[in-house]
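Have the sequence and the model open side by side for this one. We'll start from a single residue and work outwards.

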Amino acid sequence: MLRFRLLVTSYAVSAYGNYLNLIALSLFSYEVTGTAFGIGAVMAVRLVAGVVAGPVAPVVGARIGRRAVMIGADAAQAVAMAGLAVGGEGTPLWALGCAVLVLGAGNTFFGVALRSAVPVMVGQEGRAHANGLLVTARSLATVLGFASAAPVIAHGGYGTAFAVNAASFVVSGAAVLVLRPRTEEDAPAPAEPAASAPSLPWSGVPALLLGLVALRGTDALASSSHNVALPVVAELAEAHNPALYMSRFWAAWAVGTVLAHQVLKRGGRARGERAFALGTCAMSCAFVLAFTGLPAVALVVAAAAAGFADGWTEIVYTSRLQAAADRERGRLFGLSATAEQGGFALGTVLAAAALESLSPLTVVALFHGAAVCGALALLFTTRASRVDRKTTGRRYTGERPMSEKPSEGEATHGTRTGDGRLPGA
């Protein structure tokens with residue numbers, strides 16, 4: 001576990017660089033393109049690259065190994081950011097486009113490889129705790145990245161911010177290279193003939209798992225609304241210092257995600273589809289509440305509650321997908337990455353358009369209302385599946401038929417526990 005903790009530390013460094021770069025790249029894009037549309041176009045290129053990379057990442061990982069994919073993704077992103085750091089304000093538009101293309105695809109490749117390799121690194125029984133560590137590390141890195149973006153850019157310019165991000169990728173890739181974490185099963189199942197391979201990413205995926213992935217994509221779409229609306233609310237609430245408003249919000253959110261890991265770590269029992277659906281409902285309600293004009297103290301409480309539910313759902317969701325067989329795990333996370341980033345990209349466009357005529361509260365409530373409806377649908381489906389299994393004399397596990405014997409780690413711990421978007425997305 002020590003090796004994994006060191007890997008988590010390097011992941012936190014990389015995440016810090018990403019969130020620092022998120023602010024710097026947006027501002028830099030405006031300088032290069034000269035229009036607000038240019039900022040949106042650059043973000044769209046990054047998100048679309050991530051969506052397209054989703055189905056490709058598990059295929060590449062199966063061919064060359066997940067560890068090689070992680071190192072390659074970090075190296076490519078480091079080179080891209082180093083190029084922007086060297087080019088500075090003279091960077092041509094085509095070079096900026098290539099850089100964000102690499103960032104979008106590289107983030108997806110790394111994320112799919114890492115998440116699908118966690119059960120191999122720590123064992124099935126330790127995956128929920130491991131996912132909690134990753135969520136905690138990313139949450140803290142989010143706050144630090146956002147908080148330090150302004151002083152780094154002010155004192156060193158965009159070149160310094162990009163250089164820091166490039167260095168963070170070097171740290172992450174070097175850690176994977178030196179630590180050499182085990183990312184593949186010792187005795188992988190023989191590859192199936194090409195003719196029997198699924199023609200579509202979702203072919204052969206159980207309906208309940210597709211429901212989970214669909215809800216995760218809907219959650220990403222809903223989360224885009226509060227990410228787009230928060231700067232508007234911050235400007236209205238504290239026009240003299242909107243950055244302080246946002247920092248306070250995201251700091252409270254990060255504390256909530258850390259608490260979620262602590263609670264799940266001490267829970268002592270497996271959690272699955274229902275816990276994920278209920279957590280999604282709680283998260284959406286908390287985010288909507290945070291946009292109702294609460295006083296400062298109440299806003300912090302609401303943001304912390306949203307962070308708690310956000311961390312809870314991510315840990316539960318990721319651990320649930322990781323319960324799948326190794327050969328299927330990468331495909332599930334590739335499909336999930338496409339759903340999450342596609343949902344967030346679509347939501348960003350729709351939310352920005354809706355804010356032109358509707359209030360931030362209305363937009364956030366509508367988008368998160370869709371997530372609540374999706375969560376209730378999943379709860380209904382889960383309950384129907386449970387009743388059906390009871391009537392047929394088969395115990396409901398939330399995963400797979402009892403005829404399929406779980407692994408030793410799953411039998412001990414249970415398989416219904418769980419885990420580049422913006423925070424809260």
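Where is the place of Val363? Val363 belongs to helix 11, which covers residues 360-391. Keep in mind that this is a predicted model.

**Around Val363**

Val363 is buried, and its relative accessible area is 0%. Setting aside residues up to four places away in sequence, Val363 touches Ser225, Ala351, Ala354, Leu355 and Leu358. Two of those names are easy to place by their numbers: helix 10 runs over residues 326-354, and helix 6 over residues 207-237. For a longer hop along the chain, look at Phe291: it is 72 residues from Val363 in sequence, with 10.0 Å between the C-alpha atoms.

Arg383 also lies in helix 11, but Arg383 counts as exposed, at 56% relative accessibility. Its C-alpha atom is 8.7 Å from that of Arg274, which is 109 residues away along the chain.

**The overall fold**

Zooming out, the protein chain contains 12 helices and zero strands. Reading along the sequence gives the pattern α-α-α-α-α-α-α-α-α-α-α-α. The protein chain has 425 residues, and buried ones make up 51% of them. About 18,200 Å² of the protein chain is exposed, with carbon and sulfur atoms supplying 68% of that area.

**Where helix 6 meets helix 9**

How do helix 6 and helix 9 pack, and at what angle? The angle is about 145 degrees, and the two axes are 11 Å apart. Helix 6 passes helix 9 in a left-handed crossing. On the helix 6 side, Leu209, Leu212, Val213 and Arg216 take part, and they meet Thr313, Glu314, Tyr317, Arg320 and Leu321 of helix 9.

Arg320 deserves a click. Arg320 sits in helix 9, which spans residues 296-321. Is Arg320 buried or exposed? Arg320 counts as buried because its relative accessible area is 5%, and the cut-off for buried is under 20%. The side chain of Arg320 has a polar contact with the side chain of Glu273, at 2.8 Å.

**Ser336 and its partners**

Ser336 is in helix 10 and is buried, with a relative accessible area of 0%. Which residues is Ser336 in contact with, leaving aside neighbours within four places in sequence? They are Arg115, Val213, Arg216, Tyr317 and Leu321. Val213 and Arg216 turn up among the helix 6 residues of the crossing, and Tyr317 and Leu321 among those of helix 9. The side chain of Ser336 also makes polar contacts, one with the side chain of Tyr317 at 2.6 Å and one with that of Glu340 at 2.5 Å.

Here are the side-chain polar contacts discussed so far:

| Side chain | Partner side chain | Distance |
|---|---|---|
| Arg320 | Glu273 | 2.8 Å |
| Ser336 | Tyr317 | 2.6 Å |
| Ser336 | Glu340 | 2.5 Å |

**Helix 4, helix 5 and the loops**

Asn107 is in helix 4, residues 93-122. At 23% relative accessibility, Asn107 counts as partly exposed. Asn107 and Asn18 are 89 residues apart in sequence, while their C-alpha atoms are 9.4 Å apart in space.

Gly126 is in the loop between helix 4 and helix 5. Gly126 is buried, with a relative accessible area of 16%. Gly126 and Met1 are 125 residues apart in sequence, and the C-alpha to C-alpha distance is 9.3 Å.

Helix 5 covers 127-179, and Arg180 is in the loop between helix 5 and helix 6. Arg180 is not a glycine, yet it has a positive phi of about 45 degrees. Most residues other than glycine have a negative phi.

**Cysteines**

How many disulfides does the count come to? The count is zero. Take Cys285: the closest cysteine sulfur is in Cys281, at 6.5 Å from the sulfur of Cys285, so that pair is too far for a bond. The cut-off here is within 2.5 Å. As for Cys98, it is partly exposed, with a relative accessible area of 40%.

Definitions and conventions: Residues numbered from 1 in each chain as written. Predicted model: local features only at pLDDT ≥ 70, side-chain atom pairs only at ≥ 80, totals over all residues. Heavy atoms only, no water. Buried < 20%, exposed > 50% of the residue type's maximum accessible area, 1.4 Å probe, protein only. Helix = DSSP H or I, 4+ residues; strand = E, 2+ residues; numbered from the N terminus. Areas by Shrake-Rupley, 256 points an atom, 1.4 Å probe, with all protein chains shown as cover. Polar contact = N/O pair within 3.5 Å; in protein donor to acceptor, adjacent residues only side chain to side chain. Axes fitted to C-alpha atoms, helices over the stretch in contact; angles between N-to-C directions. Left-handed = near helix turned anticlockwise from the far one by under 90°. Contact = heavy atoms within 4.5 Å.
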